[in-house]
Amino acid sequence: MLEWGKTWVSNVAGEIAAVLALAMWVTSSYRIRRKMFEVFFYTHQLYILYIVFYVLHVGAAYFCMVLPGIFLFVIDRYMRFLQSQRRARLDSARLLPCGSVELTFSKSPGLYYNPTSILFLNVPSISKLQWHPFTITSSCNMDQDKLSVAVKRLGNWSQNLCQEISSSVDRLEVSVEGPYGPNSSHFLRHELLVLVSGGSGITPFISIIREIMFESTKPNYQVPRVLLVCAFKNSADLAMLDLLLPINDTPANISQVQLQIEAYITREEEQPIADNQKLLQTIWFKPNQLDSPICAGLGQNNWLWLGAIIASSFIMFLLILGIVTRYYIYPIDHNTEEIYHFSYFVLWDMFLLCACIFLASSAVFLFRKKENTIEGKQIQNLEVPTPTPSPGSCFRNADRELESLPHRSLVQATKVHFCARPDLKRILFDCKASDVGVLACGPRKMRHEVAKICSSGMADNLHFESISFNW
């Protein structure tokens, strides 16, 4: 068990790899992942040591079997590292009465992503090591130079973020990774779209509705009707519906979408007093020359350049490995009485693999960085507006006059039910359409209930899809 053989595999390396894998497996349990996220997150950084000792244990021949997966993973991880070294330009923060905040960043017009995508955020002033995923609420077609994410004030990290934003800071340093998401907007193919959400589960549906709002502006383009069923604990959470309307002026109009919103407040029996309503507040940050818009790490033609990195780094790896083997390892093995250490073969493989990836990726990234820098110099000076009333508060005070047509259309499309829970079976079975897409996001119990209804066989027109962000 303690043998580290010179001519064969190392048992010690295999035992170390097994212990590391066991630690990652234990901390992946649901309770630890949800209650002690930092323990789960930091323990999983041991994957680097796990791969090293695993390869030392199995040897070079077996390493070649898993080489393609490790090769692509190292490229992806290093490109994410290069992207995260740039500071993203944070334009504004929208503080909602419910305690949530929407962060709006500048982005390159060439950056494309689909609805329900996520973005990883890192705020060095809070923690230099913690990266947290958040749902993107914007549509890249509607907001071509902006990207927004919604942050629910729940854990310590998000609470510290809201406190920093509320403390009248002129600039907040933020690094990003992503966005990551689906490859297509498949939900547009349905005749009717039923979106069922609970609490903060509404955030991925905001990007879907914004995308439908944009598609509705195209001539002769048929968009699906939308039924949004959302459940909140308190009436203050109705302010999450404010995010359906972008912070900047766009040509899209929510009145052009056949949208119906059924909002359920589960812990309040009546409308709150209007005088106690909070205002939605928008905070604008000063631009900084060191910040840059969010863009694809390799700019335009991202996939073409990524293919060039994969091909060039792999060819470089094979050539250098052949040279090292022929002119360094081979003479020792065949021309002397010494035996080249078995583990050294693997160490050479891992070292050359990483070195070739770093060289090729860094060269392409620096070459493409010039184009991204030119776009980053276009900074817009924005004026700081006064706090605006929240449409969420207007849902509780329908007699209040709203200034803009989009706000008026949003309120008219919304029906609020107090001290009630949605009857999901009745709602879904009452959907009169030949093709009904049903998307659910929120608590696990709610998603399972929706899935059970759709798979019961009592309605052939229901097509279910679950959206889960349980990290």
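At 1% relative accessibility, serine 175 is a buried residue, and it makes a handy way into this predicted model. Serine 175 sits in strand β7, which covers residues 174–180. Zooming out, the protein chain has 12 helices and 15 strands, and 49% of its 471 residues count as buried.

**Around serine 175 and strand β7**

- Leaving aside residues up to four places away in sequence, serine 175 touches Ser84, Arg86, Arg87, Phe120, Leu121, Asn122 and Trp131.
- One of those neighbours also pairs up through polar atoms: a polar atom of the serine 175 side chain lies 3.3 Å from the backbone oxygen of serine 84.
- Strand β7 also holds proline 179, and the peptide bond leading into proline 179 from glycine 178 is cis, with omega near 5°.

**The whole chain**

- Take the contacts between residues at least 6 apart in sequence: 79% of them join residues at least 24 apart.
- The accessible surface adds up to about 24,300 Å², and carbon and sulfur atoms account for 57% of that.

**Stretches annotated in UniProt**

- An unreviewed UniProt entry lists residues 7–27, 47–75, 303–330 and 342–367 under "transmembrane region".
- In the model, residues 7–27 are 76% helix and 0% strand, with 36 Å between the end C-alpha atoms.
- Residues 342–367 come out as 100% helix and 0% strand, and here the end C-alpha atoms are 39 Å apart.

**A nonpolar patch at helix α1**

- Leu22, Trp25 and Val26 together make a nonpolar surface patch of about 350 Å².
- Leucine 22 belongs to helix α1, which runs over residues 11–26.
- Why can leucine 22 be called partly exposed? Its relative accessible area is 48%, and the partly exposed class lies between the 20% and 50% cut-offs.

**Asparagine 461 and its surroundings**

- Asparagine 461 is in the loop between α12 (444–454) and β15 (462–466).
- Asparagine 461 counts as buried because its relative accessible area is 15%, and buried means under 20%.
- Not counting residues up to four places away in sequence, asparagine 461 touches Cys431, Ala433, Ser434, Asp435 and Val436.
- The asparagine 461 side chain reaches the backbone oxygen of cysteine 431 at 3.4 Å.
- Lysine 432 is 29 residues from asparagine 461 along the chain, and their C-alpha atoms are separated by 8.8 Å.

**Positive phi outside glycine**

- Threonine 116 isn't a glycine, yet its phi is positive, near 70°.
- You'll find threonine 116 in the loop between β3 (101–106) and β4 (118–122), where it is buried at a relative accessible area of 15%.
- Cysteine 419 isn't a glycine either, and its phi is also positive, at about 50°.
- Cysteine 419 lies in the loop between β13 (414–418) and α11 (424–429).
- Is cysteine 419 buried or partly exposed? With 44% relative accessibility, cysteine 419 goes down as partly exposed.

Key. Residues are numbered from 1 along each chain as its sequence is written. This is a predicted model: local features need pLDDT of at least 70, side-chain atom pairs count only at pLDDT 80 or more; totals for chains, interfaces and linings use all residues. Side-chain values use heavy atoms; hydrogens and water are left out. Patches are made of residues with over 30% relative accessible area and no salt bridge: like charges are joined within 9 Å, nonpolar side chains (Val, Leu, Ile, Met, Phe, Trp, Tyr) within 5 Å. Accessible areas come from the Shrake-Rupley method with a 1.4 Å probe; for residues, only the protein chains shown count as cover. A salt bridge is a side-chain nitrogen of Lys or Arg within 4 Å of a carboxyl oxygen of Asp or Glu. Helices (H or I, at least four residues) and strands (E, at least two) are DSSP runs, numbered from the N terminus. Buried means under 20% relative accessible area, exposed over 50%, partly exposed in between (1.4 Å probe, protein chains only). Contact means heavy atoms within 4.5 Å. A polar contact is a pair of N or O atoms within 3.5 Å; within protein, one must be able to donate a hydrogen and the other to accept it, and residues adjacent in sequence count only if both atoms are side-chain atoms. UniProt positions are given in the numbering used here, feature names are shortened, and annotations may be inferred rather than shown by experiment.
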